[in-house]
Amino acid sequence: KGKVVSTLQNILSLYKKRKDYESCIEVNSDILVVRQDDFGPAHERVAEAWINLGSVQASAGKFVEARASYEEALRVRSRNHGYQHRLVAQVIFKIGSLSSRQGQFDDAKKFFEEYLRIRAEDSDPDEEMARALTLMGDLQKETGAKSMAQINWMSAIETYQQLGYEDDHKKIIRLQERQKSLGHMIGLFGFGRRESFARRESGDASRRKSSGSVADNLSVLGLNLGLALDDNASAVSKLTMPM
């Protein structure tokens, strides 16, 4: 069946170039079915297939369907890796981004807070983390938390710099323009990255510690995915393909 997936992925590439998202959804759905047949419903390859399906659904403007696909991926990865894993945070980031696109800013802020909480002790920053910090700052600006927005934008700049971006890179320049738009900059405070991560959030969600239960952690995000998990995340309820 590997050849089947390879063929489907080649077809998918053609549809993506044409921005034929409806056809992309059909092909990604077919890939998901093949992955489920090959590996069962709770494998990382299946989680990846759910994420890919959610991404094209989002591109097609089908946000409800995209959210459902991302939640399926979140369920699989929480079961397989435990809630505090970077791959779980990745899906939480995608759901937050989706909520932001829909103008659901309170919902988006909740997911970005949780993403940053999970990754706060991560010593290996990446572009996803920088984007999350940027988007969190944007949301805080919109909701009037301007000082917190500045801190997150500064943390995003620090993250890009750690990744090797020069100060004249367009991403850093755009972040500095965001800071200037609020009339002041905090870049001279000299926060270390880990210290600024600890200080950047003031909400309860960012300060809370993991309960150790996947289901309890997901419930904080308002998610009830039908998980039947023990403390070691060793069991998962049956996943079903949405109709």
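Buried residues account for 47% of the 243 residues in this protein, which is seen here as a predicted model. The secondary structure consists of 12 helices and 0 strands, so a walk along the sequence reads α-α-α-α-α-α-α-α-α-α-α-α. Among the contacts with a separation of 6 or more, 62% join residues 24 or more positions apart.

With that overview in hand, let us turn to helix packing. Two packed helices are described by the angle between their axes and the distance between the axes. A good place to begin is helix α5 (residues 86-101), whose axis lies 12 Å from that of helix α3 (residues 44-59), at an angle of about 15 degrees. Angles under 35 degrees count as roughly parallel, and α3 and α5 are therefore roughly parallel to each other. The crossing in which α3 passes α5 is left-handed. From α3, the residues Glu-44, Ile-51, Ser-55, Ala-58 and Ser-59 take part, and they meet Leu-87, Gln-90, Val-91, Lys-94, Leu-98 and Arg-101 of α5. Sorted by class, this contact has 5 nonpolar, 3 polar and 3 charged residues.

Now follow α5 to its other partner described here, helix α6 (residues 105-119). The two axes come within 8 Å and cross at roughly 160 degrees. Because angles over 145 degrees count as roughly antiparallel, α5 and α6 are described as roughly antiparallel to each other. Their crossing is left-handed. On the α5 side, the contact includes Ala-89, Ile-92, Phe-93, Gly-96 and Ser-97, while the α6 side includes Phe-105, Phe-111, Phe-112, Tyr-115 and Ile-118. In total, the residues of this contact divide into 10 nonpolar, 5 polar and 4 charged.

Some of these residues are worth a second look. The largest nonpolar core has 50 residues, and Val-91, Ile-92 and Tyr-115 touch the most other members. Val-91 is one of the α5 residues that meet α3, while Ile-92 of α5 and Tyr-115 of α6 belong to the contact between those two helices. Setting aside neighbours within four places in sequence, Val-91 is in contact with Ile-51, Tyr-70, Ala-73, Leu-74 and Arg-77. Ser-97 also sits in α5. Its relative accessible area is 18%, and Ser-97 is therefore buried, since the cut-off for that label is under 20%. Not counting residues up to four places away in sequence, Ser-97 touches Phe-112 and Leu-135.

Back in α3, Arg-45 offers another setting. With a relative accessible area of 37%, Arg-45 is partly exposed. Beyond its neighbours within four places in sequence, Arg-45 is in contact with Arg-35 and Phe-39. Arg-45 and Arg-35 are 10 residues apart in sequence, and their C-alpha atoms are 6.6 Å apart in space.

Further along the chain, helix α8 (residues 146-162) packs with helix α9 (residues 170-181), their axes 10 Å apart and at an angle of about 165 degrees. That angle makes α8 roughly antiparallel to α9. Here too the crossing is left-handed. The α8 side of the contact includes Trp-153, Met-154, Ile-157 and Tyr-160, and the α9 side includes Lys-171, Ile-172, Leu-175 and Arg-178. By class, the contact of α8 with α9 has 7 nonpolar, 4 polar and 2 charged residues.

Methods. Residues numbered from 1 in each chain as written. Predicted model: local features only at pLDDT ≥ 70, side-chain atom pairs only at ≥ 80, totals over all residues. Heavy atoms only, no water. Axes fitted to C-alpha atoms, helices over the stretch in contact; angles between N-to-C directions. Helix = DSSP H or I, 4+ residues; strand = E, 2+ residues; numbered from the N terminus. Parallel < 35°, antiparallel > 145°, perpendicular 65-115°, else oblique. Left-handed = near helix turned anticlockwise from the far one by under 90°. Contact = heavy atoms within 4.5 Å. Nonpolar A, V, L, I, M, F, W, Y, C, P; charged D, E, K, R; others polar. Core = buried A, V, L, I, M, F, W, Y, C linked by side-chain atoms within 4.5 Å. Buried < 20%, exposed > 50% of the residue type's maximum accessible area, 1.4 Å probe, protein only.
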